[in-house]
Structure formats: structure tokens, C-alpha cells
Amino acid sequence: MADVFADLVGQEEAVTTLRRAADSAAAVLRASAGTASRPVAAAAPAGPAEVATADPGAGMTHAWIFTGPPGSGRSVAARAFAAALQCVHGTGCGECPGCHTTMTGTHADVRLVVPEGLSIGVNEMRALVLRAASTPSGGRWQIVIIEDADRLTEAAGNALLKAIEEPPPRTVFLLCAPSTHPDDISVTIRSRCRLVPLRQPPAGAVAEVLARRDGIAPDVAGWAAAAAQGHVGRARRLARDPEARQRRDAVLAVPRRLTGVGAAFDAASALIEAAEAEAAASVAEIDEAERAALQTALGAGGTGRGAAGAIRGAAGQLKDLEKRQKSRATRAQRDALDRALVDLAGFYRDALTMALRAPVAPVHTDTAAVAEAGAQKWDAEGALRRLEAVLECRAAIEANVKPRIAVEAMMLALWKG
Ligand SMILES: [Zn+2]
């Protein structure tokens with residue numbers, strides 16, 4: 001039977017930890033139902049230290065961090081764990097109302113924060129923390145899932161820290177972040193949380209889940225899983241979306257096109273513009289829906305007394321909305337560009353492993369012949385230099401270098417070798 005952890009691909013260790021925690025959490029609830037005078041203090045130990053005692057809450061704690069590379073399933077893991085905590089059987093059966101509403105995002109006691117811009121602000125966090133302190137309406141746990149906790153502003157991080165330091169008895173925080181590096185998550189928050197590290201799932205496991213859950217033909221699933229380099233969502237998109245495949249083809253055509261300085265600059269422009277177009281398409285629909293909703297809410301076109309004041313207020317709200325949308329668009333562009341760079345890095349990695357005659361499967365089976373030709377021309381050293389140029393470009397953009405400048409430098413380096 002497929003329980004809530006079934007979609008967590010290739011993460012056996014993490015699933016074992018989470019099942020045990022869900023068991024402990026259920027025991028805590030049972031114990032508190034038995035002894036109303038001593039509620040769930042056991043669910044909130046002072047720190048992350050694992051205490052191996054007969055305490056029914058030993059496997060459970062009130063704050064967790066899920067880390068792992070993009071696409072490894074951080075938010076999938078957090079949601080599955082939330083479902084297991086809300087499951088009426090305490091196991092994450094996948095079928096009861098607790099599991100079902102959590103997985104579909106409609107459980108009254110589970111809040112999911114998905115930052116749309118480049119950071120999560122303090123006001124949003126304060127409101128969230130306040131609501132999270134209320135008693136769970138379903139009688140189990142009050143759960144807050146924060147995706148991309150690395151995008152918290154410092155002030156928002158402090159607001160969250162306060163809540164984690166003095167947790168309401170039935171509140172559980174589930175944070176997702178790429179790593180526990182201090183750039184991603186503050187040391188003080190980290191020290192209060194239990195860590196669930198996820199690994200990059202192996203291509204075979206990703207292919208299996210695409211075939212089983214999404215009904216994708218096994219050969220397509222195998223190709224997409226390898227090409228997506230362990231990113232489950234990306235693999236599914238490649239398998240299903242012809243436009244995503246076309247964009248990938250265009251990126252992988254770059255190495256063949258770098259025939260001179262002019263061609264390098266052209267390739268840089270093409271890559272940037274493709275990322276912009278992809279990002280614009282991905283946010284256009286929701287931007288328009290938000291604008292329409294705001295205009296309806298403001299009763300556009302009102303007249304009479306007070307209308308002038310209303311219009312001033314409306315202008316402010318519209319400005320706020322535009323600011324949010326701009327921030328979201330910037331992030332979508334960065335994400336799209338990063339995906340392209342990861343594909344490109346996969347190509348040069350293939351060339352490198354071929355030059356070294358390393359017995360590993362290529363990332364991009366469909367450009368393996370081109371990578372092989374590159375391997376012969378460049379040798380391992382030249383392939384490695386090119387791979388490093390792509391990785392440096394990613395790092396530069398991460399460090400806020402203007403994308404166009406970073407990508408142009410990369411293309412020149414790829415051409416010169
Ligand atoms: Zn259930």
C-alpha cells in the first residue's frame with residue numbers, strides 16, 4: 001500500500017527516522033490523552049540531542065530541518081512527515097482524512113510557506129508564528145512547513161528563532177534548506193532543530209517512481225531521470241513537457257556553437273533571453289490573476305466621497321503587488337538560468353568522465369557522441385577547465401554578479417578552453 005512516504009525517492013534512511021518520529025509523536029498524544037495533567041512536555045525537549053530513554057516522546061521533537069540538493073525532495077519529505085503527524089493512525093497511512101488533507105494542502109493545522117520572492121519577510125513570519133501558537137483544531141499538531149528557509153530575511157529568522165526557542169506545546173516547525181551552512185540557516189536555529197539530511201536520489205530510483213506514479217514509459221523515464229541528475233521534479237517535467245525538452249536541447253547545443261568570440265556572446269545572449277522567456281511564461285498567469293483579484297477587491301472605478309482616498313490606498317496596494325511580482329520574476333529567471341547551467345555542467349562532466357575513461361553512465365545520453373568528440377579534442381584537463389567555468393558562473397550568479405556578465409565570461413572561457 002502506498003503510504004505518505006512512498007514518493008520520497010531513494011531516501012530510506014530519512015524515511016526510517018521520520019517513521020520513528022511519527023510513532024513517538026503518536027505515543028505522546030496517547031500519553032497526554034491518558035494523563036491530562038501532564039500534557040506534551042515530552043514533545044519539546046530543550047535541544048536537538050537524541051535522548052534514548054523510555055520516554056514516549058524521545059523520537060519526536062518540535063523543530064526539524066530537511067536538507068539536500070534541489071529536487072531531492074525536501075518539501076516532499078516535510079509534507080509527508082506532516083501527514084504522518086496528522087494521520088489518525090499515527091503512521092501516515094495515506095488514506096485517512098488527516099493524511100489526505102495534509103497531502104492536498106487543505107489541513108486546517110498545517111501551514112505551508114512557499115516564498116515567492118527572493119526572501120521571506122519579517123511580517124509574514126510574525127503572522128505565521130502567531131497563528132502557529134494556537135491550539136490545533138484537529139487535536140493533534142499545529143504544523144508550519146517553511147520551504148526555502150534559506151530565503152528568510154535576518155529579521156524573519158529571528159522571529160522564527162523566538163518561536164522555536166519557546167515552542168507552544170503542540171507546534172511543530174519543519175524547515176527546508178539546501179544545507180546547514182550558516183549562509184543557508186543561522187547557527188542558532190540550526191542548533192535547535194533535528195536534522196534530516198536527504199541525498200541526491202539515484203537515477204534508477206527516480207525512473208522507477210516516474211514509471212510507477214506518473215505512468216511514464218520506462219525508456220522515457222530512464223532517459224529523463226538521468227538527464228535531470230537526480231532532480232525528481234525536473235525529471236518529470238522533461239518526461240512530460242515538450243517545451244522543457246526543447247529548452248534543454250537548445251542549452252546542450254551551446255558547446256557545438258562556440259566557434260568564436262562573436263558566437264560566444266551570441267550564445268550568452270541566447271541563454272539569458274531563454275531564461276527570461278521561460279521565467280516570464282511561468283509567472284505570467286499568476287501575475288495576471290493576482291492583479292485582477294486586487295482590482296476586484298478594490299472595486300476599480302469607484303466614484304464619490306472617499307474615492308480619492310481609496311484610490312490613494314489602492315495605488316499603494318498595487319505598488320506592493322508589483323514589487324512582489326517583480327521579486328518573484330527575478331527569482332524565476334535565476335531558477336531557469338540555473339537549470340540551464342546545471343544541464344551544461346552535465347555535458348562537460350560527461351566529456352570529463354569520457355576523457356578519463358571512467359566507468360560511469362553519461363548524464364545526457366542524447367549528446368554523448370558530442371561529449372565524446374569534445375573529450376578527444378580537449379583531453380581531461382580541457383574538459384575539467386570547462387566544467388569549472390560553468391560551476392564558477394553558477395557561483396558568481398549566486399553571489400549576485402549580474403547574470404549577463406557571468407554568462408558572457410563563462411561562454412568565453414568555454415570557447416577558449
Ligand atoms: Zn493516515
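The exercises below work through the fold, a zinc site, salt bridges, one helix residue and a surface patch of a predicted model.

Residues are numbered from 1 along each chain as its sequence is written, and side-chain values use heavy atoms, with hydrogens and water left out. As the model is predicted, local features need pLDDT of at least 70 and side-chain atom pairs count only at pLDDT 80 or more, while totals for chains, interfaces and linings use all residues.

**Exercise 1. Describe the protein chain as a whole.**

Step 1. Take secondary structure from DSSP runs, numbered from the N terminus: helices are H or I with at least four residues, strands are E with at least two. The protein chain has 15 helices and five strands.

Step 2. Classify burial by relative accessible area: buried is under 20%, exposed is over 50%, and partly exposed lies in between (1.4 Å probe, protein chains only). Of the 417 residues, 44% are buried.

Step 3. Define a contact as heavy atoms within 4.5 Å. Among contacts between residues at least 6 apart in sequence, 73% join residues at least 24 apart.

Step 4. Compute accessible area by the Shrake-Rupley method with a 1.4 Å probe; for residues, only the protein chains shown count as cover. The protein chain exposes about 20,500 Å², and carbon and sulfur atoms supply 56% of this area.

**Exercise 2. Determine the donors and geometry of the zinc ion.**

Step 1. Donors are N, O and S atoms within 2.8 Å of the metal (3.2 Å for Na, K and Ca); water is not among the atoms, so sites may look incomplete. The SG atoms of C87, C93, C96 and C99 coordinate the zinc ion at 2.3 to 2.4 Å.

Step 2. Along the chain these donors have the spacing C-x5-C-x2-C-x2-C.

Step 3. Four donors count as tetrahedral if all angles lie between 85 and 135 degrees. The angles among the four donor atoms are 104 to 115 degrees, and the site is tetrahedral.

Step 4. Two of the donor residues, C93 and C96, are buried.

**Exercise 3. Examine the salt bridges and the burial of their partners.**

Step 1. Use this criterion: a side-chain nitrogen of Lys or Arg within 4 Å of a carboxyl oxygen of Asp or Glu. The count is 23 salt bridges.

Step 2. R248 and D249 are paired at 3.7 Å, N to O. R248 is buried because its relative accessibility is 1%, whereas D249, at 43%, is partly exposed.

Step 3. D148 pairs with R151, with the closest N and O atoms 3.5 Å apart. D148 has 13% relative accessibility and therefore counts as buried.

Step 4. R349 and D350 form a salt bridge at 3.1 Å, N to O. D350 is buried at 0% relative accessibility, while R349 is partly exposed at 27%. Elsewhere, shared salt-bridge partners link R74, D148, R151, R331 and D335 into one network.

**Exercise 4. Characterise the surroundings of T102.**

Step 1. Locate T102 in helix α3, residues 97-103.

Step 2. T102 has a relative accessible area of 2%, so this residue is buried.

Step 3. Leaving out residues up to four places away in sequence, T102 touches R79, A82, A83, Q86, H107 and V110.

**Exercise 5. Identify the residues of a nonpolar surface patch and place W415.**

Step 1. Patches are made of residues with over 30% relative accessible area and no salt bridge; like charges are joined within 9 Å, and nonpolar side chains (Val, Leu, Ile, Met, Phe, Trp, Tyr) within 5 Å. V261, F265 and W415 make a nonpolar patch of about 240 Å².

Step 2. W415 belongs to helix α15, residues 403-416. W415 counts as partly exposed because its relative accessibility is 31%.

Technical notes. Tetrahedral: all angles 85-135°; square planar, octahedral: opposite > 155°, others 65-115°.
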